[in-house]
Amino acid sequence: MTDIELVQAAIRAREKAYCPYSNFAVGAALLCADGTVYGGCNIENAAYSPGNCAERTAIFRAVFDGQRDFTAIAIVGGPAGQPVSELCAPCGVCRQVMMEFCDPATFRILMGTGGDTFEERTLQQMLPFGFGPANLGK
């Protein structure tokens, strides 16, 4: 799968977002080492904190299916009902979840700014001095 195809998969995932409170729809597409792609969208809740981000939705779906080897994630977001046009970076909680399952030096985060444009960073660039399993001898 190309990077652009992964970003486009995130755009499709964004269409499933449930965001009646913020009206900010986010989609994510997680690429596993075996080529499997898991989509995720943000799911809000009236009590706010029980909601879940698109990135974590995709990662949790993959982990549930037994996947543990991830290479990249594409993330897109913006006002619901409008085309993607702005950069949408993962929140700190999502970065920490990525740290649990991904190699920070090689895991790529593609932040889509349109159907065929994106900015790329590694998890290490997005979460310098991250705390993960290695810190606990795992």
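Is Y18 buried, partly exposed or exposed, and what is its relative accessible area? Y18 is partly exposed, with a relative accessible area of 43%, where buried means under 20%, exposed means over 50% and partly exposed lies in between (1.4 Å probe, protein chains only). The model is a predicted one, in which local features need pLDDT of at least 70 and side-chain atom pairs count only at pLDDT 80 or more, while totals for chains, interfaces and linings use all residues. Residues are numbered from 1 along each chain as its sequence is written, and side-chain values use heavy atoms, with hydrogens and water left out.

Y18 sits in the loop that runs between helix 1 (3–14) and strand 1 (24–32); helices (H or I, at least four residues) and strands (E, at least two) are DSSP runs numbered from the N terminus. Together with Y21, I43 and Y48, Y18 forms a nonpolar surface patch with about 450 Å² of accessible area. Patches are made of residues with over 30% relative accessible area and no salt bridge, like charges being joined within 9 Å and nonpolar side chains (Val, Leu, Ile, Met, Phe, Trp, Tyr) within 5 Å, and the areas come from the Shrake-Rupley method with a 1.4 Å probe, only the protein chains shown counting as cover for residues.

Turning to charged pairs, a salt bridge is a side-chain nitrogen of Lys or Arg within 4 Å of a carboxyl oxygen of Asp or Glu, and by this rule the count comes to 3 salt bridges.

| Salt bridge | Closest N and O atoms |
|---|---|
| D3 and R108 | 2.8 Å |
| R108 and E120 | 3.2 Å |
| E119 and R121 | 3.2 Å |

Salt bridges that share partners join D3, R108 and E120 into one network. In the pair of D3 and R108, D3 belongs to helix 1 and R108 to strand 4 (residues 108–112), so the salt bridge ties together parts that are 105 residues apart in sequence. D3 is partly exposed at a relative accessible area of 22%, and R108 is likewise partly exposed at 22%. The salt bridge between R108 and E120 links R108 in strand 4 with E120 in strand 5 (residues 118–122), 12 residues apart. E120 counts as partly exposed at 35% relative accessibility.

According to UniProt, in an unreviewed entry, the feature "domain: CMP/dCMP-type deaminase" is placed at residues 1–134, although such annotations may be inferred rather than shown by experiment. The end C-alpha atoms of this span lie 30 Å apart, and the span is 28% helix and 25% strand.
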